[in-house]
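Good morning, and thank you for joining. I would like to take you through the covalent link and the nonpolar packing in the structure I am about to show.

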Amino acid sequence: MSVRTLVLRASLRPLVGVVSAVLLTLAPTACRREPPAPSAEYEEAARRFRELYAQKLDEAFLDPQVGEIEAQLQRVPADSLDAEGARELLQRIKDGRQRMAAVANERDEAVASARELPPGSYTAPSTEEQAPPAAPVEAPDAGAPDAGAGGGPQAGTAASELVAGFRGCFQRGTPIDVQGRGMRETWQLADRTACRLEYPQHQDSFLLIEEGKVLTLLPKSAVQTVPVTPDGGPAPATDAGR
């Protein structure tokens, strides 16, 4: 019985040496595994998105160039060092597009709602003792026109641009009570020859302001003036025959 045990142990020793040699042979191979390589497609797409967003901010999500950037990100290899970054940027673009599309829809609905109001729905209250209008801002002598001023302010123009932009040709008007929407700030073209020549299409319109932007260009003919007393009540009727 003891003889068989000695023979068995002697026969296993060569196998132990073979297994050790195999492990030593495989170990250097595992150490030489190359790390994931960066993706040129991701680097280019990320650079283009940064430049586009710096120019247009959140409006960049609705720019046609974003589609090309998304196509580049989708070509980033799954085993690339930048695969995770590509997925995150794709998700950011998707979320931003949905958010900005919702904002654009709300703005369009507000403009459409304002245009559907019948004539006479806009009332510009007047008092017996009105404060003198603010002095118009004189246009600068610089020869170059304002950037983006061609055609004058339109729906969506920021109200802050009316303060000093567009050659200083726009000034605050009387607030208007829009039926169903409440009091709204207005701006109108300054009564100067240079401004009338520069922006003739704005002579007979109010710029209706809502949420810090031009909601719509409102024809002055659609505004009904309702005189009120200084205490806010309607003015007493007068006898037209006297």
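Cys 169 and Cys 195 form a disulfide, with their sulfur atoms 2.2 Å apart. Please bear in mind that this is a predicted model. The structure holds one disulfide. Its link is left-handed, with -80 degrees about the S-S bond between Cys 169 and Cys 195.

What does the pair tie together? Cys 169 sits in the loop between helix H5 (161–164) and strand E2 (170–172), while Cys 195 belongs to helix H6 (residues 193–198), so the disulfide joins parts that are 26 residues apart in sequence. Are Cys 169 and Cys 195 buried or exposed? Both of these cysteines are buried.

Let me now turn to the packing. The largest nonpolar core has 15 residues. Within this core, the residues with the most contacts are Tyr 42, Phe 49, Ile 69, Leu 73, Leu 89 and Ile 93. Which elements give two or more residues to the core? They are helix H2 (40–56), helix H3 (65–74) and helix H4 (83–116). Of these, H2 provides the largest share, namely five residues.

Phe 49 offers a closer view of that packing. Once its neighbours within four places in sequence are set aside, Phe 49 is in contact with Phe 61, Ile 69, Leu 89, Arg 92 and Ile 93.

Finally, there is a second core, separate from the one just described, with 13 residues. Among its members are Phe 166, Phe 170, Tyr 199 and Leu 207.

Thank you; I would be glad to take questions.

Terms used:
Residues are numbered from 1 along each chain as its sequence is written. This is a predicted model: local features need pLDDT of at least 70, side-chain atom pairs count only at pLDDT 80 or more; totals for chains, interfaces and linings use all residues. Side-chain values use heavy atoms; hydrogens and water are left out. A disulfide is a pair of cysteine sulfur atoms within 2.5 Å. Helices (H or I, at least four residues) and strands (E, at least two) are DSSP runs, numbered from the N terminus. Buried means under 20% relative accessible area, exposed over 50%, partly exposed in between (1.4 Å probe, protein chains only). A nonpolar core is a set of buried Ala, Val, Leu, Ile, Met, Phe, Trp, Tyr and Cys residues joined through side-chain atoms within 4.5 Å. Contact means heavy atoms within 4.5 Å.
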